[in-house]
Amino acid sequence: MPSITHPAVPCHIPAQSEEVLLGVDTHKDVHAATVITVLGAVVDRRGFPATADGYRQLIVWARSVGTLRRAGVECTGSYGKALARHLNAEGIKVTEVNQPDKAARRRHGKTDAVDAEAAARAVLSGRATATAKTSDGPAETLRLFKIAKGSAVKARTQAINQLKSVLVCAGPALREDLAGLANPHLITRCAQLDDVLDDGPAGAARHTLRLLARRIQHLTEEIDDLVKRIARAVKASRPGLLKVRGIGPDSAAALLIAAGDNPERLTSEAAFAALCGVSPVEQSSGKTQRRRLNRGGDRQANAALYRAVLSRLRWDPRTQDYLQRRTAEGKTKREIIRCLKRYVAQEIYRLLIPTTNPSGPTTPAPTAP
């Protein structure tokens, strides 16, 4: 498929050995690309289809005007994910670029070419520094499994609620026959109901209960299969995570997804804590000196750390001692949990990115209270 060329006059024609930067504004069908020099001069602008052939054309075109080592790409977690993966495979460093704010758009206008140029300039100026996730390893596998599992759990919950709603309105004979059964036994009995030839409300209720129960059973099989696949993927990727107190396969998967397949892009454990939304945020004023909860970051990873802290508060004596000591110092339970989540994030980071000392062995992860 040929590239989609926008009429543009190159502002500067660099030498073949001169370094250039690529900026891409991604969309579902067409990606707008702009190449600039390290001095900020625009070289060329073009559009390319969001296909494998289009990605190859884009890279060939960008390299034809200079040496390409860096690229700024918008939406690397959605429309730009496949392109970022392709650029990484070609040895080009991909930087994730946030969309321009509304004030900048009001000043400069809004076109795909303008956004692509802004993405390249964000990398050139250093405003955009976050390395994009590669999405080519176990973290991407876990993300896909978690998507399927989340939707299956939601659908099963909805089906269970519908089954019970239908049962409440069913005839007294059927309702009394199924009364007092726990959910597993109730679903099994409903799935075994006879499909009677009755077009009235009673027959419709039996048929509906049977269909809903079988749907629940099918969704349960899907969920069980995905749970096994998630546990297997976590063990194959970072088995040490499952040894952390309070961290199970589901929580480990959420933390691995947040870190991505290239966790080395996180420069420090403080960066990982900020990514998980557990870094402290100053909220001091006058004589009051305090920090508050961070409401940003990956909320699934934050929830995983929260579950780990609650587990430790219930079962770990050291964490319980920490709670009592900080309570005596005047901290609220919410503030103490915030501190504990920070400790657990530090422990998780050391497992995601083991550090080595000059003598060779890996530095052990600290034990959080």
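Six bridges connect strand β1 (residues 19–25) with β4, and these two strands run parallel. The model described here is predicted, and its average pLDDT is 87, with 89% of the residues scoring at least 70. Over residues 356–368, however, the pLDDT is below 50, and this stretch has 20 contacts in the model beyond near neighbours in sequence. The points below cover the strands, the loop residue C75, the nonpolar cores, residue S237 and the cysteines.

**Strand pairing**

- Within the pairing of β1 and β4, V20 has L68 of β4 as its bridge partner.
- Strand β4 (residues 67–74) is also joined to strand β5 (residues 93–97), by five bridges, and this pair runs parallel.
- A71 has V94 in β5 as its bridge partner, while E74 stands opposite V97 in β5.
- Together with helix α2 (residues 81–89), strands β4 and β5 form a β-α-β unit, and this unit is right-handed.

**The loop residue C75**

- C75 is found in the loop that lies between β4 and α2.
- C75 counts as partly exposed because its relative accessibility is 22%, and the range for that class runs from 20% to 50%.
- Leaving aside residues up to four places away in sequence, C75 touches T26, G80, K81, V97 and Q99.
- One of these contacts of C75, V97, is the residue of β5 that E74 stands opposite.
- From C75 to N98 the C-alpha to C-alpha separation is 7.4 Å in space, although the two are 23 residues apart in sequence.

**Nonpolar cores**

- The largest nonpolar core has 37 residues, and those touching the most other members are L142, L255, F272, L305, I348 and L352.
- Two or more residues of this core come from each of the elements α8 (201–237), α9 (249–259), α10 (269–275), α11 (299–315) and α13 (333–352).
- Helix α13 gives the largest share of this core, with nine residues.
- A further core of 22 residues lies apart from this one, and its members include V20, Y55, V65 and A84.
- V20, one of the members of that further core, is the residue whose bridge partner in β4 is L68.
- L142, in the largest core, touches I230, A233, V234, A253, L256 and I257, when residues up to four places away in sequence are not counted.

**Residue S237**

- S237 is part of helix α8, one of the elements that give two or more residues to the largest nonpolar core.
- S237 counts as buried because its relative accessibility is 17%, and the cut-off for that class is under 20%.
- Not counting residues up to four places away in sequence, S237 touches P138 and L256.
- L256 is thus a contact of S237, and L256 is also among the residues touched by L142.

**Cysteines**

- How many disulfides does the model contain? The count comes to zero disulfides, since a disulfide needs a pair of cysteine sulfur atoms within 2.5 Å.
- Is C169 buried or exposed? C169 is exposed because its relative accessible area is 68%, and the cut-off for that class is over 50%.
- C276 is buried, with a relative accessible area of 0%.

Methods
Residues numbered from 1 in each chain as written. Predicted model: local features only at pLDDT ≥ 70, side-chain atom pairs only at ≥ 80, totals over all residues. Heavy atoms only, no water. Buried < 20%, exposed > 50% of the residue type's maximum accessible area, 1.4 Å probe, protein only. Pairing = 2+ DSSP bridges. Helix = DSSP H or I, 4+ residues; strand = E, 2+ residues; numbered from the N terminus. Right-handed = clockwise from strand over helix to strand, strands pointing away. pLDDT = per-residue confidence, 0-100. Contact = heavy atoms within 4.5 Å. Core = buried A, V, L, I, M, F, W, Y, C linked by side-chain atoms within 4.5 Å.
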